[in-house]
Amino acid sequence: MKASKITYKPVGMVLGAISGMAAGAAFKQAWKMIGHEGDAPDATDENRTWPEVLAAAALQGAIFAVVKAAVDRGGAAATRRLTGTWPG
């Protein structure tokens, strides 16, 4: 395994935690704008409809994937600028 990949592991873990928190906050804001409600529905909330629950899950998944990809890519690019090697 490359030294840059080993060195990047802890950085990637921290970035992953930060991206998870950022994605969670972004999802809450997006749901408020779209759903006009405070909380997104849980899958086991019997007072919510199937389309509402599935739409919330799809939106949450999309936001998490985009934020994770952006943070991972940015972290790798920053590592390349600092070390001269790509950590992947």
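**Figure 1. K68 and D72 sit about one helical turn from each other, being four residues apart in helix α2 (residues 50–83).** Helices here are DSSP runs of H or I with at least four residues, strands are runs of E with at least two, and both are numbered from the N terminus. The model is predicted, so local features need pLDDT of at least 70 and side-chain atom pairs count only at pLDDT 80 or more, while totals for chains, interfaces and linings use all residues. Residues are numbered from 1 along each chain as its sequence is written, and side-chain values use heavy atoms, with hydrogens and water left out. The close-up shows the side chains of K68 and D72 meeting in a salt bridge, at 2.6 Å from N to O. A salt bridge here is a side-chain nitrogen of Lys or Arg within 4 Å of a carboxyl oxygen of Asp or Glu. K68 is partly exposed at 47% relative accessibility, and D72 is partly exposed too, with a relative accessible area of 27%. For these labels, buried means under 20% relative accessible area, exposed means over 50%, and partly exposed lies in between (1.4 Å probe, protein chains only).

**Figure 2. D45, R48 and E52 are joined into one network by salt bridges that share partners.** R48 pairs with D45 through a salt bridge of 3.6 Å, N to O. R48 also forms a salt bridge with E52, where the closest N and O atoms are 3.3 Å apart. R48 counts as partly exposed, at 22% relative accessibility, and D45 is likewise partly exposed, with a relative accessible area of 27%. By the salt-bridge rule, the count comes to three.

**Figure 3. G12 and D72 lie 60 residues apart in sequence, yet their C-alpha atoms are 7.2 Å apart in space.** G12 has its place in helix α1 (residues 3–35). At 23% relative accessibility, G12 counts as partly exposed. D72 may look familiar here, as the salt-bridge partner of K68.

**Figure 4. T79, a residue of helix α2, touches Y8, G84, T85 and P87, leaving aside residues up to four places away in sequence.** Contact means heavy atoms within 4.5 Å. T79 counts as buried, at 13% relative accessibility.

**Figure 5. Stepping back from the close-ups, the protein chain has two helices and zero strands.** Its radius of gyration is 17 Å, well over the 12 Å that the globule rule gives for 88 residues, so the chain is more spread out than a compact globule. That radius is taken over C-alpha atoms, and the globule rule is 2.2 Å times the number of residues to the power 0.38. Along the principal axes, the C-alpha atoms fill a box of roughly 55 × 25 × 15 Å. Buried residues make up 19% of the 88 residues. Among contacts with a separation of 6 or more, 55% come from residues 24 or more positions apart.
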